[in-house]
Amino acid sequence: MSPVKRGRPRSEEARRAILDTALHLCARDGYRQVTIKSIADGAGVGRQTVYRWWPDKAQVLLDALIDLRERELPKRVWETDDPLRDVRQLLEVTFALTHEITGRALVGLLADAQDDPGLSKRLQDTVIGPRRDALREVLQRGVDNGVWQERVALPLVVDFAFGTMWYRMQHHHAPVDAKLAREITDAIGLMLGRRPDDAH
């Protein structure tokens with residue numbers, strides 16, 4: 001009989017607490033105020049437990065964003081028979097999470113990534129890239145199904161959608177919300193040759 005493995009559930013529970021606490025603290029206090037100590041204290045673990053898995057707070061928050069994406073943004077959300085409606089749903093879900101939970105972490109990580117090529121690549125590969133790919137896939141499906149034409153290069157359309165989000169997140173001059181998701185969706189429909197009211 002194989003020996004019973006002990007400790008793993010507790011380790012998984014601690015890891016989950018650390019990831020959730022890191023995002024909560026960042027959303028509440030801002031990226032610069034988050035420290036390994038504050039994460040450990042909030043999660044009810046020792047700092048050595050955090051350092052066992054992550055070298056710094058940036059990597060903790062990045063893994064927290066990856067974990068949240070995998071749990072909260074299932075791909076099936078935007079796989080209906082109406083690509084334009086799928087675009088709006090994808091943006092609404094993404095913007096809601098950005099507004100409520102992830103925005104300050106994303107902006108902080110992006111700032112740190114400017115001077116850290118390794119962090120920049122991992123951020124692109126695991127958080128930014130998958131979101132771009134998901135939107136690009138929906139847009140391409142619309143082209144393939146004859147819903148619209150690629151009048152504007154699809155990567156540029158993706159830049160327009162998420163570039164608007166990033167600009168607002170950094171400058172705080174206007175909200176990143178469901179209204180913005182609808183406005184961007186309408187604009188994409190016009191770019192690609194579909195009437196705005198077709199998505200409503």
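Start by selecting helices H5 and H7 in this predicted model: the two are oblique to each other. Their axes lie 10 Å apart and pack at an angle of about 55°, which falls outside the ranges that count as roughly parallel, antiparallel or perpendicular. Look along the pair and you will find that H5 passes H7 in a right-handed crossing.

Now show the side chains at this contact. From H5, pick Leu90, Leu91, Thr94, Phe95, Thr98, Gly103, Leu106, Val107 and Leu110; from H7, pick Ala161, Phe162, Met165, Trp166, Met169 and Gln170. Colour them by class and the contact of H5 with H7 shows eleven nonpolar and four polar residues, with no charged ones.

Keep H5 on screen, hide H7 and bring in H8. H5 spans residues 83–113 and H8 spans residues 178–192. Here the axes come within 9 Å and cross at roughly 150°. That makes H5 roughly antiparallel to H8, because an angle over 145 degrees counts as such. The crossing of H5 and H8 is right-handed.

For the side chains of this second contact, select Leu84, Val87, Arg88, Leu91, Glu92 and Phe95 in H5. They meet Ala178, Leu180, Ala181, Arg182, Ile184, Thr185, Ile188 and Gly189 in H8. By class, this contact has nine nonpolar, two polar and three charged residues. Pause on Leu91 and Phe95 of H5: both take part in the contact with H7 and also in the contact with H8.

Next, go to the loop between H7 (154–171) and H8, where histidine 172 is found. What is the phi of histidine 172 near? Phi is near 60°, a positive value in a residue other than glycine. Most residues other than glycine have a negative phi. Is histidine 172 buried or exposed? Histidine 172 is exposed, with a relative accessible area of 66%.

Then select residues 35–54, which an unreviewed UniProt entry annotates as "DNA-binding region". This span is 75% helix and 0% strand, and its end C-alpha atoms lie 12 Å apart.

Finally, zoom out to the protein chain as a whole. It has eight helices and zero strands, running α-α-α-α-α-α-α-α from the N terminus on. Of its 200 residues, 43% count as buried. If you draw a contact map, take the contacts with a separation of 6 or more: residues 24 or more positions apart account for 69% of them.

How values were computed:
Residues are numbered from 1 along each chain as its sequence is written. This is a predicted model: local features need pLDDT of at least 70, side-chain atom pairs count only at pLDDT 80 or more; totals for chains, interfaces and linings use all residues. Side-chain values use heavy atoms; hydrogens and water are left out. Axes are lines fitted to C-alpha atoms, for helices over the stretch in contact, and angles run from 0 to 180 degrees between N-to-C directions. Helices (H or I, at least four residues) and strands (E, at least two) are DSSP runs, numbered from the N terminus. Angles under 35 degrees count as roughly parallel, over 145 as roughly antiparallel, 65 to 115 as roughly perpendicular and the rest as oblique. A crossing is left-handed if the near helix is turned anticlockwise from the far one by less than a right angle, and right-handed if clockwise. Contact means heavy atoms within 4.5 Å. Ala, Val, Leu, Ile, Met, Phe, Trp, Tyr, Cys and Pro count as nonpolar, Asp, Glu, Lys and Arg as charged, and the others, Gly among them, as polar. UniProt positions are given in the numbering used here, feature names are shortened, and annotations may be inferred rather than shown by experiment. Buried means under 20% relative accessible area, exposed over 50%, partly exposed in between (1.4 Å probe, protein chains only).
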